[in-house]
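Visitor: I've got a structure to look at and no idea where to start. Could you walk me through it?

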Amino acid sequence: MQRSLHIDPNKCTGCRQCEMACSYEQEGIFNPSKSRIRVFMFDAEARFVPYTCTQCAEAWCMLACPVDAIKVDLNTGAKVVHENLCVGCKVCTIACPFGTINYMSDRGKVMKCDLCGGDPACAKACPTQAITYIDADWTGLERMRVWAKKTDAGATATH
Amino acid sequence: MNYLILGAGPAGVVAAETLRNTDPDGAITLVGAENEPPYSRMAIPYLLTGRIDERGTHLRKEPGWYKDRRIDVTSRRATAVHPGSKTVAFADGTSVPYDRLLIATGARPLRPAIPGLDLPGVHTCWTLDDARYIMDKARPGARVVLMGAGFIGSIVLEALAERGVTLTVVEMGDRMVPRMMNPTAGGMIKNWCRSKGVEVLTSTRILGIEGNGGQAKGGFLASLFRSKPANGGGALTVTLDNGHKLEADLVVISAGVRPNIEFLADSGIVMDVGIQVDEHMRTSAPDVYAAGDVAQGKDVSTGHNNIHAIQPTATEHGRVSALNMAGRPAAYKGSLQMNVLDTLGLISSSFGLWMGVEGGEAAEVIDTDNYKYLRLEFADDRMVGATAIGLTQHVGVLRGLIQTGVQLGPWKQRLMADPHRIMEAYLARTQA
Amino acid sequence: MSWAGKVLRVNLTNGTCKSEPLNMEWAQQYLGQRGLASKYLAEEVDPKVDPLSPANKLIMTTGPLTGTMASTGGRYSVVTKGALTGAIACSNSGGYFGAEMKNAGWDMIIFEGRAPSPVYLYVENDKAEIRSAEGIWGQSVWKSEEMIRHFHQDPQLRIAVIGRAGEEGVKFACVVNDSHRAAGRSGVGTVMGSKNLKAVAVRGTKGVKVKDFKAFMEATNAAKAILASNPVTGQGLPTYGTQVLMNVINETGALPTRNHRDVQFEGASKISGEAMHEKRLTDGKPNLVKNQACFGCTIACGRVSMLDKTHFSVSNRPEYWGASGGLEYENAWALGASTGVSDLEALTFCGFLCNEQGMDPITLGTTIGAAMEMFEQGTITEKETGGIKLTFGNAEALCQVVEMTGKGEGFGREIGLGSKRLCEKYGHPELSMSVKGQEFPAYDSRGIQGMGLTYATSNRGACHLRSYTVSSEVLGVPVKTDPHVTEGKAELVKAFQDATAAVDSSGLCVFTTFAWGLQDFASMLDAACEGGWTMERLAEVGERIWNLERKFNNAAGFTAADDTLPKRLLTEAAKTGPAKGLVNKLGEMLPEYYKIRGWTPDGMPTNETLARLGL
Ligand SMILES: Cc1cc2nc3c(=O)[nH]c(=O)nc-3n(C[C@H](O)[C@H](O)[C@H](O)COP(=O)(O)OP(=O)(O)OC[C@H]3O[C@@H](n4cnc5c(N)ncnc54)[C@H](O)[C@@H]3O)c2cc1C
Ligand code: SF4
């Protein structure tokens, strides 16, 4: 059974441990700006929403990449950026309608969530279980799927 | 089922793969006109800068990728399509039958009617072959004139500058990337490039190019010259409409593109600028589909058929057309015109109706000193277009917001006040 | 190493920004944040300067663990000579600003001089620019944040800013960051205002490294587990915030009420943490919306509240209807019990106003309490207040006066003086509930004796965060002591003072000490920083910091005579509760305290003490 990240904003306190855990896992440094997961703050509503790539089936980023630098990890289903291949053209960053693949100016490469190879650091670091890594069926990704479908009718047929 | 795909660019390759995933049994033939493995034009600038080698431009890199998927890849030029007999004629004299045909022959660069364009040392930048030539000529210190600062021209600009040439860019429009950027943004990019040592001349035309041996004609002799190194190729003189003349070792032309449709002239397929397709990527001929730069498909912003000539549109076309060809009806809502550009480190992007719509509203923030800019265009409470400079985080969400036409409700006003809250607007309106 | 290794020196007079290396020798002696910045201040500023003169400096400082994955690693401090007290001031704040500053690669920003006209500092990693604050000066904290973010087109900018209180010279103005976290006490925002410095906006993307990542992750994970399983940090604080204390302290008989006339407040339960969870009769919603964490914090004690839209304070002011920083124990107490007001919504609204204009609610509430006492006894009349009936328990009057103070208007200007200056002005200095010019926080030292010594000897004036003996005397952490007894308190206070000084220098939050001992800090610090950090070393660093601060204050003119409490606490016995009949017996503790400290009977560190600590 494939698993995916399940995010429950109601539980999030905005501590951003997930961002640090992610940057540490991915970059070996505590640096939220390098995190693949970001906590968005809706101060006026006291809502904190962690958000990252949902490894959507459509994989616009992967499709748009001119040099095949984004590939599927067959174990996790994650779409993974291969930095050695990425030329930094940024086409994937505009192709992804969720805004979850970002360009790193300092390195000239893009970054996105790769599910840490199946053991996501953000979920482990979250002190409130706002982020969990669970069976895909339970993640309620429906909303995202609906959104995804709106973006490209082609998706309808692949499901 | 026997699938034939003309064109081994991104549209053709994605179509071939999608066909294979959807129809495990069909026969798939992928034909390109250049004698190269399927590659990506978009990667050429990175080949020029040395970031990748030629193999890096190949669309798929694993050995045996096409073979494993039973995709037959060949190189030959199609010269005619006969929808009546369901065959395609090739330049090598063969005729190949198909059950379903995809035309994904892409586009080629325009060559404006200017004297001297055929001279050795004057070149487009479109194919791998072009890239090889330019790499040979554009040595550090070489004087290079780039004609056209459109979207692709600007990408080539970056690559040439990185090669260490002395670069002058000549654009006849009143600003850089006129078809992607409004005057404010185009102006910012121009100032940036100038501050980085690239001479940018806008509202300027090239009247003609002369070799130092006088007005040379293209042809056999010219092609001999082409294999000579930069210093031996002879200097060129570029005459501008402002009376100035520029000395150059190399002139690169980037003056727009035109779809490769000439070989379809007698096919009866309905064409405008490119091949007209419906929402299922079908042409007017039965069992003939078209995708990518050659196809004039639906634009989600206008509802009209347009050519976008961009990579994401090409691959989406490829995927949707293949689904339909394989008998899985999929209606395409249309593609979104969008671009992202990196000019010497300044990152800019534009989406959809960035120029706005009549009766619409816009939100804009400008920081000229720091080269930051964001403008959002709205029609009622939906976003229809956007232009950004200096934005690298969560840019894609602009596409999402525009393409889905999500109603922004109270977030419209919030975005009017602070356009940078796009990610929050998206999350609030669709996820939270 | 987890110091960034760099100091940004900003000369506001000349308009220059310079980077200089962090003094690593001092870092080994003072760790960071409170300790290290105090060292810089003591070295660079004449203790006798007028706090509001250009000769004073203001230092924003992070600790070595700020911006790391250690729980609560988001703290930063503002160190200066305090406008309220004239003593060395160090006010600590959470939120996200400190971590952003560290991520930008700065341990410290030192502000010198005074800008000729209002400015703000913009920092983007290595880049630092002084920019005109025209148009921003005169705006509230909230509006300023919005304007600066908008101008720089960066929603992720973190901003520390003064409100109108800081501009208007309110003596207890604070520096607010992230809308509702504040470096609150001693008038550090007033000093910032005197420098014509409106705000500091930071964006940092460089990241923070530690010495040994693997050991650090192990240490921080272990420490996080301790916080999670501790009843206070794992349950009490996340659920009720510091407001968990309101009912507890009231029952202890140590909740100062109506300017310390009483030690118990009949309205305590109405303004408690429990009350914030209750559904309101008017709209069926509780006052509390959510708990919020500061950067990196796995406790999440922060309160976020939404006001009752029908409440008199905001019924026609929708700008206050959104969620914002809710009541913590200190502001609930100061604005409430201190003034006799038990209207939860009114207090929440006043808390919003404190954040919006940048005022320390402790000093504000206590000063209003003193003014109310003077009003009731006729010293202050409606003539002075402009017709406001400033009686204890009057919620409308409270809201009006708080708003006027924030904007420096009318009678608010008088309140803006703080209780010491106000009470002196009206001829009743004894009614100011303060030490060294700074007002008491929410623990009455008649009911908790150790706090009397804490307040009297605190280097920044009355303060609970310099040695929180409440922890031992009421909550039994780390060991239970009797709150009514003075014996052993001198030792307890010294130990707490030293340990807290070290914690305040680490980049972590003092609330973790409900669960963590110095050993826990030591293991994280040692993994992060060069220098072999042990518990003993931390205690020594703490003691060094304490003596450095003391030395500064002595040089500034403070003497043993200032280590005292207002007459009321020493002579008027508690009227009710478990401490009924008790006064604070400071005299029984102070001499012993001096001795343990290695100070002369006049409260001066002896030469041996100074030498032992390398001072
Ligand atoms: C230098 C450069 C930079 C670019 N940068 C970007 C960018 O940053 N972002 C972006 O979105 N787009 C960019 N583009 C555009 C992008 O490369 C094209 O939109 C994309 O390649 C279109 O794909 P396609 O498959 O439709 O056509 P093509 O890639 O052009 O492929 C066409 C294929 O058809 C073959 N062919 C042509 N005629 C025949 C024939 N008669 N018979 C058989 N085969 C034929 C060709 O050999 C080729 O294999 C760039 C292009 C260039 C040249
Ligand atoms: S930026 Fe890198 S990963 Fe993204 S599309 Fe370009 S090459 Fe592929």
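**A walk around the ligand and the chains**

Guide: Helix H1 (10-22), strand S2 (27-32), helix H5 (151-162) and helix H8 (311-325) of chain B each give two residues or more to the shell around ligand 1. Keep in mind that this is a predicted model.

Visitor: Which two chains does ligand 1 lie between?

Guide: Chain B is a good place to begin, as B:Glu34, B:Arg41, B:Met42, B:Asp293 and B:Gln311 come nearest among the 33 residues around ligand 1. The ligand doesn't just belong to one chain's picture, though. Its place is between chains A and B.

Visitor: Which domains of chain B does the shell around ligand 1 draw at least three residues from?

Guide: Chain B has helices and a strand lending residues to that shell, helix H5 (151-162) and helix H8 (311-325) among them. Now look at the domains: at least three shell residues come from each of domain 1 (2-108 + 258-325) and domain 2 (111-255).

Visitor: What is the make-up of the shell around ligand 1 by class?

Guide: There are 33 residues around the ligand to sort. Split by class, they come out as 20 nonpolar, 8 polar and 5 charged.

Visitor: How far is an oxygen atom of ligand 1 from a backbone N or O atom of B:Asp293?

Guide: Let's take the backbone contacts one by one. A polar backbone atom of B:Ala8 is 3.0 Å from an oxygen atom of ligand 1, and one of B:Ala78 is 2.9 Å from a nitrogen atom of the ligand. For B:Asp293, the backbone atom and a ligand oxygen are separated by 2.9 Å.

Visitor: How much of the accessible area of ligand 1 does the protein cover?

Guide: On its own, ligand 1 has 980 Å² of accessible area. Put the protein around the ligand, and the covered share is 97%.

Visitor: Over to chain C. Which of its residues lose the most area to chain B?

Guide: The contact involves 8 residues from chain C and 11 residues from chain B. Together the two chains bury about 870 Å², with 40% of that on carbon and sulfur atoms. On the chain C side, three residues make up 63% of what is buried: C:His150, C:Gln153 and C:Pro155.

Visitor: How much area is buried between domain 2 and domain 3 of chain C?

Guide: Chain C is divided into domain 1 (6-203), domain 2 (242-251 + 257-432) and domain 3 (445-612). The C-alpha centres of domains 2 and 3 are 28 Å apart, and 18 residues of domain 2 are in contact with 16 residues of domain 3. Carbon and sulfur atoms give 61% of the area buried there, which is about 1300 Å².

Conventions. Residues are numbered from 1 along each chain as its sequence is written. Chains are lettered from A and ligands numbered from 1 in the order in which they are written. This is a predicted model: local features need pLDDT of at least 70, side-chain atom pairs count only at pLDDT 80 or more; totals for chains, interfaces and linings use all residues. Side-chain values use heavy atoms; hydrogens and water are left out. A residue is near a molecule or strand if one of its heavy atoms lies within 4 Å of it. A polar contact is a pair of N or O atoms within 3.5 Å; within protein, one must be able to donate a hydrogen and the other to accept it, and residues adjacent in sequence count only if both atoms are side-chain atoms. Accessible areas come from the Shrake-Rupley method with a 1.4 Å probe; for residues, only the protein chains shown count as cover. Helices (H or I, at least four residues) and strands (E, at least two) are DSSP runs, numbered from the N terminus. Ala, Val, Leu, Ile, Met, Phe, Trp, Tyr, Cys and Pro count as nonpolar, Asp, Glu, Lys and Arg as charged, and the others, Gly among them, as polar. Domain bounds come from an automatic or database domain assignment. Contact means heavy atoms within 4.5 Å. Buried area is the accessible area (1.4 Å probe) that two parts lose on being put together, summed over both.
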